[in-house]
Structure formats: structure tokens, C-alpha cells
Amino acid sequence: MAGLRRRLSAPQIIIISFAAAILLGSLVLMLPFATRDGLGASFPDALFTAISATCVTGLVVRDTATTWSGFGQAALLVMIQVGGMGVVTMAVAIATVSGKKISLMQRSTMQEAISAPKVGGIVQLTGFILRLTFLFEALGAAALATVFIPRFGLWKGVWYSVFHAVSAFCNAGFDLMGAQEPFSSLTGFAAQPVVNVALMLLIVIGGIGFLTWEDVITNRLHVRRYRMQTKVILVSAAVLVLLPAVYLFFFELGELPLTERVWTALFQSVTMRTAGFNTVDLAEISESGQAMMIVLMLTGGAPGSTAGGMKTTTLVVMLSTAAAVFGRHADTRLFGRRIDDDTVRRAATILTLYLLLFLIGGCLISRIESLPLTSCLFETASAVGTVGVTLGLTPSLGMASRVILMLLMFFGRVGGLTLIFAALAGYHPDRSKLPQERLTVG
């Protein structure tokens, strides 16, 4: 086994770890006492749910609250926490607590899993991540408890608070509100300030990335000292929350009372980039509004975060490259720094991969199910972006379409480059260069 681990690359270990966690979660959900009816879930339903939970997506084929028992819900919560933090991160954390030494290979895998810039200090950084994660989740649960305990009673209120705090921080989108109305998500709390603020803060904090926390906490308000990546992540996160919120407020939610309109616009703008909760019926949003949401879902959160998607930095690099071309600059520039060509190529590759998977998946489902293409593209964007919002199609899809969504969720969580590097682990780049010739584009 040790020899096998040495032969596997870091991307391969990450993929195998996620696959093993998903398979184990599926088997747990098939146990009789995991469901309320005492029969256990079928393997296809258990597999879909386990992939959705471990890949922190939130798409479901069976309502979470009415299908799963307390044990089943607890199993889902564990899968969400492990998936959000990263299977490898959790495994190394457990090894550290138990006193085992962390090998160089494990440190390298950890670096890949959380997108750390270097191997040095990776174990210490992992401890920092775990402490802050549990602190944020505890604070979020405490805030939610002030609303959920009076409404649901002590024990149910506490459980609901913990479950939704972890689900929000891990950008998973699983909820237990289906006990009131199946698949209702958080529509009953659209104008509740505490629930809105607590969940939005958890989603944003989880989605900006572990290294961003470390940089902000280390340098506090000395913004000039922030790494360029931190600046890009914070600015892009603010823009991607405010601009969609303004659009939703003025063009999509005009029939709502003013207070509910403000909360709903902000909440949907925050949650749409990978969290997966919703406080409004998304089927009522116009096609132009749904198209905007698709862009947000594909963009996702920051690298090394609990969020999925192609990542905000990918979008910013592509837009900055376009700006450099328009301005006739030789290099892509951000915050007074030059972006290297390898980063630009990677960003272009990731963008291309996500667009291809999103489009191919949507077209296949539309063809298989004879459904409108726009609705199917919304579902595939939600899957590959690990968001979890839906127009209501997922529970009614056939097995072939569900398989497509499962593959997209897995791809979206482990990341495009991770899969490519895992597949090409034995290949070595060419050291020679072919003759160069100019090609006209555009």
C-alpha cells in the first residue's frame, strides 16, 4: 500500500479520496435506518445524494428532510463537512491529531488540495484552517439558533442550526426545510434578517478561500500588504455580489415588498455562485435572469475554498487578458503586477473545459429528456459549478441524465486541472519546440 501511494500523483490521490468517500457515503445511505421508512435508499438514489453531498453541490432527487432519518441527515452532514474541507485535508488533520508524522508526499497532496503556494508550513496551515472553520460554523449556528429554536423547539432547532451553518459554510446548499414543504429550500425565510445575514456571511467566508483568510488575518487592515491573489478574490467577490443584486432588485423582484426584495436580491446574488439555497422560486425568474445566474454558477468561488466552479480568479485573468489585448499591452496585468503566460493558459483551459462540459451536458439532457435547452443548461451549470439550485427538473430526470449530472458534480468539485493532471501523470512535457508560424484569429 505504501508503495502504491508513492506511485500515485497528488491529483490521483485527491480523486481516489473523493471517490472512496462517495462510495462509503452511498453504502451508509443504503442502510435501513438511514431513511425514515426504514427501507434504506436504492443504490442510484444513494449514489446521487452522496456525490451531491461530498461534492458540496446540493442537487437532490429525494427531499432531504422527508427522506432521511436523523442518522441519514447526520451522515449527509459528515459528507458535506469532509467534502467542503477536502477529503485529503480531513485525513491529514486526523493523522496530525493522532500523532502520526506527515510524509512529504502527504504534504504535497495537501498543497494541491487547498491550492497552497508552497509545501512549507502546510501542516500548520491545515490546523489554522480547521480552527477557523469550526469557529465560523459555531458562530453561524449560534446566530441561526436564535430563530430556529423558537420556531422548531430546542433539539430540532439546535440540529437545524448546526446543519444549515455547516451546509452554508461548505457552500453545499442542503437544507431541512422540506419538512414544511418538500424542496422548498429557504423560501419561508426570505425576509428574515438573522437567517439571511448569517447564511450569507457563512457562504462568503467559506467561498473566498482558506489562504485569503490567512492573508487578511495576518495583515489585518494593511491592504497594501495583501497578496495579489487576495486582492483579486476580495474585489471580484464584492463585484459579483453587488452587480447581480442590483439587477435582481430592479428587474426581477418588483412584485415583492421592499424589505423582502432587498434581502432576496442580496441572498440570491450570494448563494448563486455555489451555495445552492434559494429564497425565491427560480422558475419565476426571466430567461435573461436565469442566464445571468448561469454565468454566476459557472464562475463559482475562490481557489482553495469550499466553493466549486471554475473560480473567480479564472474569470478575472481572462477579462484582464482581454483588457491587455484591447490596450495593446504585451502582458496581462493586475494590481500593478504582471501575470505569467502559464497562468493565462491554465485559465483559458479551465474556462474552455467548463464551457464544454456545461454545454455538452445540457444538450445531452435536453435531447434525452425532450426538455427545453435553457432549463437543462441551468441544471448542468448548477451541477458543474457545484451550486445545487434547480428549476425543478432534477428529481424527475431519468437515470442517463442523472449520470450526466453526477459526473459534472464530481468534475466540478475535484477541478478540471486536477482531473487532467491525474490522467496525464505519466506524461512528460516536450523539451523541444516546433517551428513557429503566425495564425490569424478574430
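These are short notes on the predicted model shown above.

1. Start with the whole chain. The chain has 442 residues, and 53% of these are buried. Its accessible surface is about 21000 Å². Carbon and sulfur atoms account for 65% of that surface.

2. Next, the secondary structure. How many helices and strands are there in the chain? There are 19 helices and 2 strands.

3. Now look at contacts along the sequence. Take the contacts between residues at least 6 apart in sequence. Of these, 68% join residues at least 24 apart.

4. Turn to the surface. Which residues make the nonpolar patch of about 340 Å²? Leu23, Leu27, Met30 and Phe43 make it. Find Leu23 in helix α2, which covers residues 10-29.

5. Is Leu23 buried or exposed? Neither label fits: Leu23 counts as partly exposed, because its relative accessibility is 46%. Partly exposed lies between the buried cut-off, under 20%, and the exposed cut-off, over 50%.

6. Move on to Asp45. Asp45 sits in helix α3, residues 43-54. Its relative accessibility is 15%, so Asp45 counts as buried. The cut-off for buried is under 20%.

7. What is Asp45 in contact with, leaving aside its neighbours within four places in sequence? Val61, Arg62 and Arg402 are the residues in contact with Asp45. Locate Asp45 in helix α3 on the model, then pick out these three partners.

8. To recap the two residues: Leu23 is partly exposed at 46%, whereas Asp45 is buried at 15%. Leu23 belongs to helix α2, and Asp45 belongs to helix α3.

Conventions
Residues numbered from 1 in each chain as written. Predicted model: local features only at pLDDT ≥ 70, side-chain atom pairs only at ≥ 80, totals over all residues. Heavy atoms only, no water. Patch = residues over 30% accessible without salt bridge, like charges linked within 9 Å, V, L, I, M, F, W, Y side chains within 5 Å. Areas by Shrake-Rupley, 256 points an atom, 1.4 Å probe, with all protein chains shown as cover. Salt bridge = Lys/Arg side-chain N within 4 Å of Asp/Glu carboxyl O. Helix = DSSP H or I, 4+ residues; strand = E, 2+ residues; numbered from the N terminus. Buried < 20%, exposed > 50% of the residue type's maximum accessible area, 1.4 Å probe, protein only. Contact = heavy atoms within 4.5 Å.
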